[in-house]
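Student: Could you take me closely through a single part of this model, the ligand and the space that holds it? I would like one connected account rather than separate remarks.

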Amino acid sequence: MSIANASSLDGKVVVVPGGTGNVGEGIVRAFLRAGATVVVPSRSRSRLDQLVKLIGPELAGRLTTVAAGYATFDEADQFATETVARFEHVDHVVASVGGWWAGKELWQIDADDWQKVFVDVATSHMALVRAFVPRLSEDGSYTTVAGFSAKKPVPSAGIVSMQGAAQLMMREVLTAELDGRGRVNDLVLGPIINRRRPSGAPGWLTADQVGEAAVGVARTPSIAGEHVVLNTDGDLDKVLARMTG
Ligand SMILES: NC(=O)c1ccc[n+]([C@@H]2O[C@H](COP(=O)([O-])OP(=O)(O)OC[C@H]3O[C@@H](n4cnc5c(N)ncnc54)[C@H](OP(=O)(O)O)[C@@H]3O)[C@@H](O)[C@H]2O)c1
């Protein structure tokens with residue numbers, strides 16, 4: 001049994017925006033296995049229903065799905081207010097929001113591409129941070145999930161790279177502004193094996209292993225203000241080796 005399978009987060013409330021996604025599913029499963037109550041918002045009731053099926057009846061009892069958006073500051077505020085009112089506290093947030101996009105060089109990007117891939121995703125991340133960071137419990141944490149393209153330019157996927165880079169800087173600014181009053185990290189993922197891409201190169205992590213790393217980061221107070229790079233299973237081992245409690 002992996003460390004993350006131990007019931008270490010009993011009684012904790014974890015919000016996973018993006019939990020319906022290919023990577024988010026593994027994050028949701030890992031926090032449920034660790035004993036947490038997990039809340040997943042989505043713009044789509046059918047994606048939430050699909051998530052419940054993927055998670056299965058054994059774990060889904062502590063999964064709450066909410067048909068709620070967080071595309072604007074107001075929507076995210078409303079979702080956070082209602083979540084705190086319903087569960088009394090929110091301990092951890094893992095935002096796995098936004099997916100892959102490619103196919104155009106920067107000079108070919110049109111206004112719709114820019115809005116969808118950069119503005120909408122960046123606005124959602126910012127809206128979630130505004131809404132949840134001030135509401136997290138004292139020993140809580142906020143983790144934002146990005147991809148390797150945030151640090152390495154990927155030709156024809158430039159607007160994904162640019163949004164990811166903005167997201168990582170958002171996290172760095174938060175860490176500087178909180179100055180020890182809250183714990184914020186980011187996961188920088190390599191390619192992930194998931195329900196849409198069921199196999200990959202040796203050493204690639206699965207969505208469930210990303211979830212284990214996210215649980216490790218949430219449980220480990222010494223992991224604070226870090227870019228947690230997760231390219232291979234060796235990187236996951238390094239995170240799990242730091243886990244406490
Ligand atoms: N898959 C990989 O191999 C991989 C590799 C490296 C990094 N990552 C990173 O992992 C994170 C999640 O990726 P993924 O592959 O799981 O993506 P995905 O399957 O496309 O899921 C995206 C999730 O983001 C949510 N979302 C909310 N607002 C959105 C918006 N305006 N545009 C797009 N999605 C929005 C979606 O929720 P709804 O239910 O509301 O649609 C969905 O749950 C991203 O940060 C990505 O960069 C993934």
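**The largest pocket and its ligand**

Tutor: In this predicted model, the largest pocket encloses about 1,600 Å³ of space. Its lining is made up of 42 residues, of which S96, V97, G98, G99 and W100 are the closest to the centre of the pocket. Several elements give two or more residues to that lining, namely β2 (37-42), α2 (45-55), α5, β5 and α6 (158-178), and among these contributions the one from α5, with 5 residues, is the most that any element gives. Sorted by class, the lining of the largest pocket divides into 17 nonpolar, 18 polar and 7 charged residues.

The ligand sits in this largest pocket. For the shell around the ligand, the elements that give two or more residues are α5 (111-132) and β5 (136-147), and here it is β5 that gives the most, with 3 residues. The shell comprises 23 residues, and those that come nearest to the ligand are T20, S42, R43, R47 and R197. By class, the shell holds 8 nonpolar, 11 polar and 4 charged residues.

Turning to individual atom pairs, T20, one of the residues that come nearest to the ligand, places a polar side-chain atom 2.6 Å from an oxygen atom of the ligand. Backbone atoms take part as well: a polar backbone atom of G21 lies 3.2 Å from an oxygen atom of the ligand, and a polar backbone atom of V23 lies 2.8 Å from an oxygen atom of the ligand. As for how far the ligand is covered, taken alone the ligand exposes 890 Å², and the protein buries 83% of that area.

Note on methods: Residues are numbered from 1 along each chain as its sequence is written. This is a predicted model: local features need pLDDT of at least 70, side-chain atom pairs count only at pLDDT 80 or more; totals for chains, interfaces and linings use all residues. Side-chain values use heavy atoms; hydrogens and water are left out. A residue is near a molecule or strand if one of its heavy atoms lies within 4 Å of it. A polar contact is a pair of N or O atoms within 3.5 Å; within protein, one must be able to donate a hydrogen and the other to accept it, and residues adjacent in sequence count only if both atoms are side-chain atoms. Accessible areas come from the Shrake-Rupley method with a 1.4 Å probe; for residues, only the protein chains shown count as cover. On a 1 Å grid over the protein atoms alone, a cavity is a set of points where a 1.4 Å probe fits but cannot get out, and a pocket is an open set with protein on both sides within 12 Å along at least five of seven lines; lining residues have an atom within 4 Å of a point. A molecule sits in a cavity or pocket if more than half of its atoms lie within 2 Å of its grid points. Helices (H or I, at least four residues) and strands (E, at least two) are DSSP runs, numbered from the N terminus. Ala, Val, Leu, Ile, Met, Phe, Trp, Tyr, Cys and Pro count as nonpolar, Asp, Glu, Lys and Arg as charged, and the others, Gly among them, as polar. Grid points are joined across faces, edges and corners, and a volume is the space filled by probe spheres set on the points.
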